[in-house]
Amino acid sequence: MAAQRMAAVDAQFYWMSAKIPNDEFLLYAFDGEPADYPAVVEQLCRRARACPELTLRVRDRGPLTYPQWVPAAVRPDQVVRHDLDDQTWAGCLAAVVALAGDQLDVRRMPWRLHVFTPVLGIPGVTGPGTVAVMQVAHALADGARASAMAGWLFGRTDPVPPVRRLRAGFLPWRAAQAVRAHRRLERDTRAGLLAPGAGPRPLLPTNARPGPARSVRTLVRHRKQVRGPTVTVGALTAISTALSRLLGDAADTLGAEVPVAKPGAPHAYNHFGNVTVGLYPKLGLEARAERIAAELANGRRRFAHPATRYADRSFAAVPAALLRWGVAQFDFDIRPEQVSGNTVVSSVYRGPADLTFGDARVVLTAGYPALSPVMGLTHGVHGIGDTIAVSVHAAESAVPDIDAYLRLLDAAL
């Protein structure tokens with residue numbers, strides 16, 4: 001594979017990671033331990049070598065040009081086995097939280113696999129099990145793409161979807177097209193063809209700046225146990241109930257940012273946008289689910305509007321020096337007066353339960369979206385087969401008692 005220029009949106013994630021760590025952590029739990037661990041590791045490395053998207057690293061060519069993706073050998077230290085002092089499921093999750101303290105240097109490797117075995121008490125597993133956590137730099141993949149990479153590593157035959165690179169183009173022309181398309185979007189909104197997007201809302205305690213004390217927890221359900229037209233809507237409805245009970249009257253303005261895949265062929269490794277939805281805790285469950293579903297659907301319709309496509313093309317034409325300068329101006333010490341959402345809910349279905357770690361079959365998958373300077377509580381909703389994991393990632397500064405909140409969420413689900 002020849003060197004390829006990094007897409008502007010991916011470069012933004014790369015440069016921003018120096019200010020706000022943004023590695024993703026995809027957890028997969030398996031029923032059993034490998035009989036021959038070195039053989040399993042060699043099998044994983046062979047599969048990685050056979051996947052072009054997993055044999056890359058970044059070459060940074062200086063401040064005036066975009067970094068490049070260049071071929072790289074799969075390194076022996078890209079699969080790391082950890083010995084747990086506490087071999088319970090809870091002890092493993094505590095170790096997973098600690099992984100975020102060692103972010104990847106994408107100039108060396110943009111992904112790494114962490115293995116914990118044996119782990120006792122994995123939901124749905126009676127004996128010792130294995131937990132594998134794939135750490136992926138956000139510049140390399142969004143949630144859906146990272147899931148495809150992990151699926152390939154763990155035996156799935158579907159290749160990671162290719163990316164059709166955009167030609168950068170001439171920025172003033174691209175910008176003029178984007179302005180025209182945005183004006184059309186505004187006209188379509190005024191005409192009632194599209195509903196307006198959600199506006200900003202007040203900060204809540206969940207928007208507190210994360211301190212060093214952070215925890216993750218995971219609840220597991222069968223698909224039939226999650227009420228709602230979709231798993232995403234069902235989870236959002238339950239999160240609304242739990243947060244309103246946690247926050248009291250302050251929760252009336254609750255809203256969540258929901259990452260959603262953009263339509264069309266991806267032109268970068270990150271091909272998504274955030275849809276903000278209100279959580280409407282004062283509405284009854286059925287009315288609330290309908291309202292949330294309608295706002296998600298409207299967000300997807302707005303992403304399907306030509307304005308999104310032209311805005312992406314305009315962004316892709318931004319010179320590297322200008323984009324790098326813009327990222328450098330970001331000051332994470334400044335607290336905004338309003339925010340898009342009071343929590344993040346990232347929902348990804350990771351396919352059938354056909355993944356393996358050696359002879360061990362997958363039983364669940366989970367994820368813990370990263371915290372940020374104005375987001376001290378995030379949620380992951382991840383499915384594999386008929387098993388749904390609803391996860392919480394919280395800083396103590398935002399949620400002082402994560403287990404109390406988990407009990408509220410458990411009851412709401």
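**Exercise 1.** Leaving aside neighbours within four places in sequence, which residues is Thr130 in contact with? Then work out whether Thr130 counts as buried or exposed.

*Solution.* Bear in mind that we're working with a predicted model.

Step 1: Place the residue. Thr130 sits in strand β7, which covers residues 129-136.

Step 2: List the contacts. With those sequence neighbours set aside, Thr130 touches Tyr28, Ala29, Phe30, Gly32, Glu33, Pro34, Val115, Phe116, Thr117, Ile122 and Phe357.

Step 3: Pick out a polar one. The side chains of Thr130 and Thr117 make a polar contact at 3.1 Å.

Step 4: Check accessibility. The cut-off for buried is under 20% relative accessible area. Thr130 has 0% relative accessibility, so Thr130 counts as buried.

**Exercise 2.** Trace the strand order of the open sheet that 6 strands form, and find its edge strands.

*Solution.* Step 1: Write down the order. It goes β9-β17-β16-β13-β10-β11, with mixed pairing.

Step 2: Look for strands that pair on one side only. Those are β9 (214-222) and β11 (272-278), so they are the edges by the one-side pairing rule.

Step 3: Get the twist. Ignoring direction, neighbouring strands here are turned by 20 degrees against each other on average.

**Exercise 3.** Describe how β10 is joined to β11, then say which strands helix α10 lies across.

*Solution.* Step 1: Count the bridges. Strand β10 (residues 255-261) and β11 run antiparallel and are joined by 7 bridges.

Step 2: Find a bridge pair. Pro259 has Asn274 in β11 as its bridge partner.

Step 3: Add the helix. Helix α10 (residues 402-412) lies across β9, β16 (377-384) and β17 (387-395), and runs at about 20 degrees to β9.

Note on methods:
Residues are numbered from 1 along each chain as its sequence is written. This is a predicted model: local features need pLDDT of at least 70, side-chain atom pairs count only at pLDDT 80 or more; totals for chains, interfaces and linings use all residues. Side-chain values use heavy atoms; hydrogens and water are left out. Helices (H or I, at least four residues) and strands (E, at least two) are DSSP runs, numbered from the N terminus. Buried means under 20% relative accessible area, exposed over 50%, partly exposed in between (1.4 Å probe, protein chains only). A polar contact is a pair of N or O atoms within 3.5 Å; within protein, one must be able to donate a hydrogen and the other to accept it, and residues adjacent in sequence count only if both atoms are side-chain atoms. Contact means heavy atoms within 4.5 Å. Two strands pair if DSSP finds at least two bridges between them. Axes are lines fitted to C-alpha atoms, for helices over the stretch in contact, and angles run from 0 to 180 degrees between N-to-C directions.
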